[in-house]
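Take a look at the protein below. Then ask how each label attached to it is earned.

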Amino acid sequence: SPSRSSVIIVGAGISGIAAAKVLAENGVEDLVILEASDRVGGRICKESFGGVTVELGAGWIAGVGGQQPNPIWELAAQFELRTCFSDYSNARYNIYDRSGNIIPSEIAADSYKKAVDSAIQKLRNQEEEEEAYGDDHCNNNIKNSETKLPSTPETPIELAIDFILHDFEMAEVEPISTYVDFGEREFLVADERGYDYLLYKMAEEFLFTSEGRILDNRLKLNKVVRELQYSKSGVTVKTEDGFVYEANYVILSVSIGVLQSDLLAFNPTLPRWKLDAIEKCDVMVYTKIFLKFPYKFWPSGPDKEFFIYAHERRGYYTFWQHMENAYPGSNMLVVTLTNEESKRVEAQADEETLREAMAVLRDMFGPNIPNAIDILVPRWWNNRFQRGSYSNYPIISNHKLFHNIKAPVGRIFFTGEHTSERFNGYVHGGYLAGIDTSKALLEEMRKEKESQTLLLEPL
Ligand code: FAD
């Protein structure tokens, strides 16, 4: 029969590694980490492309320079990760229309203000509705007489601004905890060792490593968990390759997208309240497409790092970044797609995506620019170990939803960015969630031990 460990951690992303580290530091050494892919890092994932290291997943350390230190920023400082300040404030002044004209700054500023006002209005209306009807939305056709209808974006420039405001959370609309707590600055990780170097350094503190590799047999790669059977006495975990692992507890760090898919079977099935909560949380797909060119043809300089393409279709190759600040001389552009556009592009051949991107670039910079010599299209939606990029809670989401997504079911504890009420969707969210979940589990283990000791004591 399989040997039994104290804790099995499913997933070796930032939350799983942070959780394991806290357990190990608190004396829980007999843990096992089961990771479906062949590497550590999850959505922190580098690839070598066009002569540099690019980040297919998380790219920025978001929330820096505020009152409280962002723990990821602290790790980056400790391990001397190379980063580069990103100034988004100019993006709105680098908006191109389809004829390659830059929208005059007064018009751009005006449209921007209009979009922000409209978003604020929309949020107020929602809040009012929430207050009036709570969870019961059946009555939402009855509008307060004071409710103003927010304007809907229609023109290409309005659509482009709406896209960057909402799909990039660049909103000066609602307070986002990350920026409130940790500060408003963002730094792009531009390190040849990759963002995942931080995970490796964390792992090094509790797992056996040698020459830059984790060699500890408590970390098991290529182990796709398919079934979790749980009872009052323990959890049995089955993997796709037919192995069986037993533990007192499981920490499950798979993404919300995976929880919504049928990759994992729970036996018994999860309770209704848990399934409902998992179902209610949206998954955001976010795709950074990298394009390598023989030479640079775009305007350079820090204030030109981000530029925007205004098209009549919302989100159609809207948001661009040149990599000259991060990697001078790399001759590389990145364009970001989200949600439906991401899914569309994932489903087509990369040559087709390259053709579309080139047509957009020729709209902006004219017909004589060179073709890209290479393209990289990550596929987070079609990755069965991810099924999306990160969790996207409703703007006005109630505390109960987070509570239920995070709450343990019997001996299965949940972690991952989606369980972080304040910082979901971010690396620091995953990191802090991992620490949180392990602390909750340690407390549970302490209680269990205490009750066992009481039982053993003579009356
Ligand atoms: P994951 O990293 O997904 O870890 C879960 C692990 O579980 C994975 O390794 C997965 O392979 C494994 N797994 C899944 N199913 C199974 C199974 N059945 N059995 C075993 N293992 C399994 N955050 C920022 O802060 N800044 C950014 O700029 C940023 N940009 C992003 C851009 C993109 C394209 C994406 C995808 C994410 C971005 N994020 C960003 C979000 C950030 O990457 C995540 O919030 C964070 O990395 C999530 O960590 P996690 O541990 O919760 O999940």
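The questions below take a label or a claim and test it.

Q: How do you know how far to trust this model?
A: It is a predicted model. The predictor scores its own confidence in each residue from 0 to 100. The protein averages a pLDDT of 92. A score of at least 70 is reached by 95% of the residues. One exception is residues 136–145, where the pLDDT is below 50. Beyond near neighbours in sequence, that stretch has four contacts in the model. For the complex, the predictor gives an ipTM of 1.00 and a pTM of 0.94.

Q: What makes the radius of gyration agree with a compact globule?
A: Set the value against the rule. The rule is 2.2 Å times the number of residues to the power 0.38. For 459 residues it gives a radius near 23 Å. The protein has 24 Å, so the two agree. Its C-alpha atoms fill a box of roughly 85 × 65 × 40 Å along the principal axes.

Q: Which stretches make up domain 1 and domain 2?
A: The domain assignment gives 4–43, 195–280 and 392–456 to domain 1. Domain 2 is 103–187. The centres of the two domains are 35 Å apart, taken over C-alpha atoms.

Q: How do you know that domain 1 is in contact with domain 2?
A: Contact requires C-beta atoms, placed from the backbone, within 7 Å. Five residues of domain 1 and seven of domain 2 are in contact across the boundary. On the domain 1 side, four of these residues are nonpolar, none is polar and one is charged.

Q: Why are β3 and β4 called paired strands?
A: The test is at least two bridges between them. Strands β3 (residues 46–49) and β4 (residues 52–55) have four bridges, so they count as a pair. They run antiparallel. In this pair, Glu-47 has Val-54 of β4 as its bridge partner. Two residues lie between the strands of this hairpin, and Gly-50 takes a positive phi near 55° there.

Q: What makes β12 a partner of both β13 and β15?
A: Count the bridges on each pairing. β12 (residues 225–230) and β13 (residues 235–239) share five bridges and run antiparallel. Glu-227 stands opposite Lys-238 in β13. A hairpin of four residues joins these two strands. β12 and β15 share three bridges and run parallel. There, Leu-228 stands opposite Phe-266 in β15. The cut-off is at least two bridges, so both pairings count.

Q: Why are β7 and β21 called edge strands?
A: Each pairs on one side only. They belong to an open sheet of six strands, in the order β7-β18-β19-β20-β17-β21. The pairing in this sheet is mixed. β7 is 95–96 and β21 is 374–376. β7 pairs with β18 (residues 306–309) in the parallel sense over two bridges. Tyr-96 stands opposite Tyr-309 in β18.

Q: How do you know which residues surround the ligand?
A: A residue is near when its C-beta atom, placed from the backbone, lies within 6 Å. There are 41 residues around the ligand. Gly-11, Gly-13, Ser-15, Gly-42 and Gly-430 come nearest. At least two shell residues come from each of α1 (14–25), β5 (60–64), β17 (286–292) and α12 (427–456). By class, the shell has 21 nonpolar, 16 polar and four charged residues.

Q: What makes the bond between Asn-267 and Pro-268 a cis peptide bond?
A: Look at omega: it is about 0°. Pro-268 sits in the loop between β15 (265–267) and α8 (272–280).

Q: What is notable about the phi of Glu-80?
A: The phi of Glu-80 is positive, about 55°, although this residue is not a glycine. Glu-80 lies in the loop between α2 (71–78) and β6 (83–86).

Q: How many helices and strands does the protein have?
A: It has 12 helices and 23 strands.

Conventions
Residues are numbered from 1 along each chain as its sequence is written. This is a predicted model: local features need pLDDT of at least 70, side-chain atom pairs count only at pLDDT 80 or more; totals for chains, interfaces and linings use all residues. Domain bounds come from an automatic or database domain assignment. Two residues are in contact if their C-beta atoms, placed from the backbone, lie within 7 Å. Ala, Val, Leu, Ile, Met, Phe, Trp, Tyr, Cys and Pro count as nonpolar, Asp, Glu, Lys and Arg as charged, and the others, Gly among them, as polar.
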